[in-house]
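Please open the model in your viewer and keep the selection panel at hand. The tour below goes from one selection to the next and says what is found at each stop.

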Amino acid sequence: VDSDEAPAMNVFAVLPGSDPERKDEYVVIGSHLDHLGLRGDTVYPGADDDGSGTTGVMAVAQMFARNKVKPKRSVLFVCFSGEESGLVGSRFFVDNSPVPLSSIVAELQMDMIGRDEEEAMDGRRRINVGETAEQNRNTLHLVGTRRLSPALHALCLEANERAGFELEYDHEDMFGRSDHANFARQGVPIAFFFTGLHMDYHQPSDTPDKIHYEKLLRVSRYVYDLAFELANQEGRPEVDPELWQEFRSGNRRNPGPEKPAAPLAPKK
């Protein structure tokens, strides 16, 4: 058996903005399309990780397409490859961005949005001991919003008034484990939506029959509402300079630029 390098593709599409002054600014909605694949003779389906998030990106895209009111800013839908190999696809995307990073208003990441959190194994560590899926039917983890942009965090809370989730903030340890992290390191405001770990995480048993489809759709609607607001509001969420400095000092391996990418000035 020989091994060799092979291409892995990010897949993205753009819905152009309707406002001539804002169409060159972008709301990015992301997921990752890869999983662990075939290990020996064992298939790892990855229905939740991240088939659910990729389904969410497609659902949000469909919502935008069906709405006769078109967003003023453009919306960039991206399904990244190589997340399970170390966020490879999103790192390549950020390093070779097809649009200026300064033009990205926010990156909204959906990774594992199809289950209800319960007791789980994270590597060799047992977490959420004693928790059941039934106890978490209405919970959603909002990760990373308070690290860079209080304005984006406030928008997430406002959008949740309609969505009605019980938002939890106890999984910041997951911050560096999905594709939004590469955007954050370049000073792009991010929000990571995550319904939590379970015993099927990174197991062959992560299958479609266990997906909570109603919840997946609710998360997608929540992200759509937030994205629609971001794409249409007059201003855009800024990065707080003090939070940015604190964030950089905690990311010494890859601190990113000296300052976040300056937003593009609206065209006159």
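The stops that follow take in a helix pair, a set of salt bridges, a strand residue and some backbone geometry.

Before selecting anything, bear in mind that this is a predicted model.

**The helix pair**

Begin by selecting residues 47–66, which form helix α1, together with residues 213–232, which form helix α6; their axes come within 9 Å and cross at roughly 50°. The two helices are therefore oblique to each other, and the crossing of α1 and α6 is right-handed. To see where they meet, show the side chains on both sides of the contact: Ser52, Thr55, Gly56, Ala59, Val60, Met63 and Phe64 come from α1, while Leu216, Leu217, Ser220, Arg221, Val223, Tyr224, Ala227 and Phe228 come from α6. Sorted by class, this contact has 10 nonpolar, 4 polar and 1 charged residues.

While α1 is still on display, select Asp49 and Asp50, which are joined by a cis peptide bond with omega at about 0°. Asp50 has its place in helix α1. Most peptide bonds are trans.

**Salt bridges**

How many salt bridges does a search of the whole structure find? The search gives 17, and a few of them are visited here.

Select Glu234 and Arg22, whose closest N and O atoms are 2.7 Å apart in a salt bridge. Glu234 lies in the loop between α6 and α7 (241–249), and Arg22 in the loop between β1 (11–15) and β2 (26–32), so this pair ties together parts that are 212 residues apart in sequence. The two partners can also be compared by accessibility: Glu234 counts as exposed at 62% relative accessibility, whereas Arg22 counts as buried at 10%.

Next, select Arg177 and Asp122, another salt bridge, with the closest N and O atoms 2.9 Å apart. This pair links distant parts of the chain, since Arg177 is in the loop between β10 (166–168) and α5 (180–184) and Asp122 is in strand β7 (residues 120–122), 55 residues apart. Arg177 is partly exposed, with a relative accessible area of 31%, while Asp122 is buried, with 11%.

Then move to Arg115 and Glu118, whose side chains meet in a salt bridge at 3.5 Å, N to O. Arg115 is buried, with a relative accessible area of 7%. Extend the selection to Asp200 and Lys210, because these two are linked with Arg115 and Glu118 in a network of salt bridges.

**A residue in strand β6**

Select Ile104, which has its place in strand β6 (residues 104–110). Is Ile104 buried or exposed? With a relative accessible area of 1%, Ile104 is buried. Leaving aside residues up to four places away in sequence, Ile104 touches Tyr26, Val28, Val99, Phe183, Val188 and Arg236. To follow one of these contacts, measure from Ile104 to Val188: their C-alpha atoms are separated by 6.8 Å, although the two residues are 84 residues apart along the chain.

**Positive phi values**

Finally, turn to backbone torsions. Most residues other than glycine have a negative phi. Select Leu87, in the loop between β5 (74–80) and α2 (88–95), where phi is positive, near 60°. Leu87 is buried, with a relative accessible area of 8%. Then select Met112, in the loop between β6 and β7, where phi is also positive, near 65°. Met112 is buried, with a relative accessible area of 3%.

Key
Residues are numbered from 1 along each chain as its sequence is written. This is a predicted model: local features need pLDDT of at least 70, side-chain atom pairs count only at pLDDT 80 or more; totals for chains, interfaces and linings use all residues. Side-chain values use heavy atoms; hydrogens and water are left out. Axes are lines fitted to C-alpha atoms, for helices over the stretch in contact, and angles run from 0 to 180 degrees between N-to-C directions. Helices (H or I, at least four residues) and strands (E, at least two) are DSSP runs, numbered from the N terminus. Angles under 35 degrees count as roughly parallel, over 145 as roughly antiparallel, 65 to 115 as roughly perpendicular and the rest as oblique. A crossing is left-handed if the near helix is turned anticlockwise from the far one by less than a right angle, and right-handed if clockwise. Contact means heavy atoms within 4.5 Å. Ala, Val, Leu, Ile, Met, Phe, Trp, Tyr, Cys and Pro count as nonpolar, Asp, Glu, Lys and Arg as charged, and the others, Gly among them, as polar. A salt bridge is a side-chain nitrogen of Lys or Arg within 4 Å of a carboxyl oxygen of Asp or Glu. Buried means under 20% relative accessible area, exposed over 50%, partly exposed in between (1.4 Å probe, protein chains only).
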